[in-house]
Amino acid sequence: FNKCTGLTSIDLPKVTEIGNRAFAGCTGLTSINLPQVTKIGYSTLQGCTGLTSIDLSQVTKIGNGTFVSCTSLTSIDLSQATDIGERAFWSCTALTSIDLPQATGIGERAFQDCTALASIDLPKVTNIGIGAFAECGKLASINLPQVTDIGEDAFYSCPDLKSIVLS
């Protein structure tokens, strides 16, 4: 379905895995129902500029570049995700919040240029990759009680960052 720009909704109630670039460039896509999906490949929804929210509460792994430039995405439920790939949400400029209570690793540049992201709670994350939150201009607070490794420039150019909890 790559670059099917007229595709507006997806309802795949029995699918458990979505492959690489499956819906990349589907700019008209606004609604997705994938209640059984546990794994998403790389760049799966890259450039889906019409997508505003998605429930991927059963997904455990987010591939590299999965949501790059999903510029209308404001919220996402990833309550079971343990691993967030490199550049997973790069340039999701409307993303204001994200729920990642089970995540243990955040890949390089995973949230870079998420300019609307204001706060994030990552209670189980131990590893944050290089530039993971770089250029998140509105990021004001972050909770990282389990973190043991923070990559270079992880919080580069976050002028509103006032509070980081690392204990």
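Trainee: How many disulfides does a search of the whole structure find?

Mentor: Keep in mind that this is a predicted model. A disulfide needs two cysteine sulfur atoms within 2.5 Å. The search covers the whole structure, and the number of disulfides found is zero.

Trainee: Why is C26 not bonded to the closest cysteine sulfur, and which residue holds that sulfur?

Mentor: The cut-off for a disulfide is 2.5 Å. The sulfur of C26 lies 5.1 Å from the closest cysteine sulfur, so it is too far for a bond. The residue holding that closest sulfur is C48.

Trainee: Is C26 buried or exposed?

Mentor: Buried means under 20% relative accessible area. C26 has 0% relative accessibility, so C26 counts as buried.

Trainee: What about C114: which residue has the cysteine sulfur closest to its own?

Mentor: C114 is buried, with a relative accessible area of 0%. Its sulfur is 5.1 Å from the closest cysteine sulfur, which is too far for a bond. That sulfur belongs to C92.

Trainee: Now the rings. How many aromatic pairs does a search of the whole structure find?

Mentor: Two rings pair if their centres lie within 6.5 Å. Searching the whole structure on that basis gives five aromatic pairs.

Trainee: F111 and F133 form an aromatic pair; is it stacked or edge-to-face?

Mentor: The ring centres of F111 and F133 are 5.2 Å apart, with 0 degrees between the planes. Planes under 30 degrees apart count as stacked. So the pair of F111 and F133 is stacked.

Trainee: How many residues apart are F111 and F133?

Mentor: F111 sits in the loop between strand 9 (105-106) and strand 10 (119-121). F133 sits in the loop between strand 11 (127-128) and strand 12 (141-143). The pair links distant parts of the chain, 22 residues apart.

Trainee: At what angle do the planes of F133 and F155 lie?

Mentor: F133 counts as buried, at 0% relative accessibility, and F155 is buried too. The ring centres of F133 and F155 are 5.4 Å apart. The pair is stacked because the planes lie at 5 degrees.

Trainee: Which residues form one aromatic cluster?

Mentor: We have already met F111 and F133 as a pair, and F133 with F155. These three belong to one cluster, along with two other residues. The full cluster is F67, F89, F111, F133 and F155.

Trainee: How many residues are in the largest nonpolar core?

Mentor: Residues with the most contacts inside this core include F67, F89, F111 and F133. Outside its neighbours within four places in sequence, F67 touches residues including L45, I54, F89 and C92. The core's residue count is 50.

Definitions and conventions
Residues numbered from 1 in each chain as written. Predicted model: local features only at pLDDT ≥ 70, side-chain atom pairs only at ≥ 80, totals over all residues. Heavy atoms only, no water. Phe/Tyr/Trp six-rings, centres within 6.5 Å; stacked < 30°, edge-to-face > 60°. Helix = DSSP H or I, 4+ residues; strand = E, 2+ residues; numbered from the N terminus. Buried < 20%, exposed > 50% of the residue type's maximum accessible area, 1.4 Å probe, protein only. Core = buried A, V, L, I, M, F, W, Y, C linked by side-chain atoms within 4.5 Å. Contact = heavy atoms within 4.5 Å.
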